Amino acid sequence: MKHDILAVALISAVTILIRFLPFIVFRDSTQVPESITYLGKALPGAVMGMLVIYCLKDISFLAPPYGIPELICAALTAGAYLWKKDTSLSVVIGTVLYMILIQKVF
Amino acid sequence: MQTESNKTRTGDLARAFKATLPVMTGYLVLGMGFGIVMQSCGYGTLWSFAEAVFIYAGAMQFAAVELLRSGASLMTVALTTLAVNARHLFYGISMLERYRDTGRGKWYLVFSLTDETYSLLCSDDALDGVQNKTLYYFTVSILDHLYWITGCTAGGLLDQLIRFETTGADFALTALFVSVFTGQWKGTKDHFYSLTGVICALGCLVIFGRDYFLIPSMILTVFVLMLHARRSPDEA
């Protein structure tokens with residue numbers, strides 16, 4: 001019990017430290033190096049690509065259903081976004097189709 | 001004048017709520033999943049609630065279940081947290097400018113910068129037409145946190161039997177990232193940043209495996225981006 005409480009507190013502390021760190025280090029806007037400002041602009045695009053891969057990392061392409069439902073629904077989500085430019089709508093479309101595929105088809 | 005500012009405020013709040021709907025779906029489902037797993041390992045609702053409030057990091061909370069159950073050493077706990085959550089450094093770096101003048105509550109915004117909240121706030125077009133940006137940041141951040149707390153707590157309370165079939169609903173978060181990624185891709189002519197993220201992550205996933213690829217791909221991404229800036233300094 002005591003160990004568990006310490007562990008949860010520690011996870012919380014380390015997570016908070018990671019999230020706070022950039023803001024503590026670069027507290028003063030005049031001291032932000034150019035390279036960090038550049039990364040600030042470049043990272044949103046790069047990170048979102050990384051997160052997409054991160055979400056799909058548990059797919060096994062060698063065993064049924066070979067990641068087919070995930071790939072179909074990811075493509076459909078992207079297509080729906082291009083069509084309507086609405087994040088919420090495309091997420092709903094992709095998710096509902098995924099639920100149908102995973103529960104009824106595969 | 002008064003009604004005018006009330007109207008724009010209501011507009012911002014409504015927009016923030018609408019923007020968080022995909023996160024609501026994903027967080028409620030994933031949070032409930034977490035609460036149920038915790039319950040099955042002998043950790044009750046209070047534990048799930050406390051983790052949702054104070055840790056507020058989905059992947060890490062799932063990893064923590066195993067750490068708690070196996071009685072892992074505090075050193076292991078700290079290092080695992082570092083490895084799983086290091087990607088949050090990136091979010092902080094890209095939100096430095098946006099969060100600069102957000103006032104006294106700024107540290108709450110920083111604390112609550114999860115993958116999902118970040119993806120709602122990091123794109124330029126996310127803030128098109130928003131009147132009060134600080135209010136918008138706070139509304140999105142607080143709503144997302146509340147969804148997560150609600151999901152985790154409900155999962156601890158709900159009996160397995162009265163759950164409806166939610167298998168696959170957690171795909172909402174994948175869909176959210178795919179949709180934001182698509183928006184960013186459409187929004188710029190130069191796809192170098194997006195491609196760098198995808199290719200570095202894919203390469204490292206193949207080389208290091210799914211449990212260890214995140215940190216190598218972060219390092220590689222920064223390296224490639226810096227190299228790119230050096231070769232075409234006008235963009236940096």
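**View 1. Lys85(A) sits in the loop between helix 3 and helix 4 (87–105) of chain A.** The model shown here and in every other view is predicted. Lys85(A) comes just after helix 3 of chain A and takes a positive phi of about 55 degrees. That sign is found here in a residue other than glycine. Most residues other than glycine have a negative phi, and most peptide bonds are trans. Lys85(A) counts as partly exposed because 14 other C-beta atoms lie within 10 Å.

**View 2. The loop between helix 2 and helix 3 (68–84) of chain A holds Pro65(A).** The peptide bond from Pro64(A) to Pro65(A) is cis. Its omega is near 0 degrees. Tyr66(A) lies in the loop between helix 2 and helix 3 of chain A too. Its phi is near 60 degrees, a positive value although Tyr66(A) is not glycine. With 13 other C-beta atoms within 10 Å, Tyr66(A) is partly exposed.

**View 3. Helix 3 of chain A has a buried side and an exposed face.** The helix has 17 residues. From first C-alpha to last it reaches 24 Å, close to the 24 Å expected at 1.5 Å a residue. Its buried residues are Pro69(A), Glu70(A), Cys73(A), Ala74(A), Thr77(A), Ala78(A), Ala80(A) and Tyr81(A). These cover an arc of only 160 degrees around the axis, so they sit on the same side of helix 3 of chain A. An α-helix has 3.6 residues a turn, so residues three or four places apart point the same way. The face turned away from the buried side carries Ala75(A) and Trp83(A), both exposed. Cover for the buried residues of helix 3 of chain A includes helix 4 of chain A and helix 9 (171–187) of chain B.

**View 4. Helix 11 (residues 214–231) of chain B reaches 26 Å from its first C-alpha to its last.** That span is close to the 26 Å expected at 1.5 Å a residue for its 18 residues. Leu214(B), Ser217(B), Met218(B), Thr221(B), Val222(B) and Leu225(B) are the buried residues of helix 11 of chain B. They cover an arc of only 135 degrees around the axis, which means that they lie on the same side of the helix. The other side of helix 11 of chain B has exposed residues: Phe223(B), Leu227(B), Arg230(B) and Arg231(B). The buried residues of helix 11 of chain B pack against elements of both chains: helix 2 (34–55) of chain A, and helix 5 (88–95) and helix 10 (192–208) of chain B.

**View 5. Ala201(B) belongs to the largest nonpolar core.** This core has 94 residues. Those with the most contacts inside it are Val52(A), Phe177(B) and Ala201(B). Domain 1 (2–168) and domain 2 (188–236) of chain B both give residues to the core, so it lies between them. Leaving aside neighbours within four places in sequence, Ala201(B) is in contact with four residues of chain A: Gly49(A), Met50(A), Ile53(A) and Tyr54(A). Within chain B, its partners on that basis are Phe213(B) and Ser217(B). Ser217(B) is also one of the buried residues of helix 11 of chain B.

**View 6. Met60(B) is part of helix 3 (residues 58–69) of chain B.** Met60(B) counts as buried because it has 21 C-beta neighbours inside 10 Å. Leaving aside neighbours within four places in sequence, its contacts in chain A are Ile11(A) and Thr15(A). Those in chain B are Ile55(B), Thr81(B), Val84(B) and Asn85(B). Gly197(B) is 137 residues from Met60(B) along the chain. Their C-alpha atoms are separated by 22 Å.

**View 7. Chain B as a whole has 11 helices and 0 strands.** The domain assignment gives domain 1 (2–168) and domain 2 (188–236). Taken over C-alpha atoms, the centres of the two domains of chain B are 26 Å apart. The C-alpha trace spans about 55 × 55 × 35 Å along its principal axes. The radius of gyration of chain B is 19 Å, which agrees with the value near 18 Å for a compact globule of 236 residues. Buried residues make up 44% of the 236. Among contacts in chain B between residues at least 6 apart in sequence, 76% join residues at least 24 apart.

How values were computed:
Residues are numbered from 1 along each chain as its sequence is written. Chains are lettered from A and ligands numbered from 1 in the order in which they are written. This is a predicted model: local features need pLDDT of at least 70, side-chain atom pairs count only at pLDDT 80 or more; totals for chains, interfaces and linings use all residues. Domain bounds come from an automatic or database domain assignment. A nonpolar core is a set of buried Ala, Val, Leu, Ile, Met, Phe, Trp, Tyr and Cys residues joined through C-beta atoms within 7 Å. A residue is buried if 20 or more other C-beta atoms lie within 10 Å of its own, exposed if 12 or fewer, and partly exposed in between; C-beta atoms are placed from the backbone. Two residues are in contact if their C-beta atoms, placed from the backbone, lie within 7 Å. Helices (H or I, at least four residues) and strands (E, at least two) are DSSP runs, numbered from the N terminus. The radius of gyration is taken over C-alpha atoms; the globule rule is 2.2 Å times the number of residues to the power 0.38. The expected span of a helix is 1.5 Å times one less than its number of residues. The arc is that of the directions from the helix axis to the C-beta atoms.
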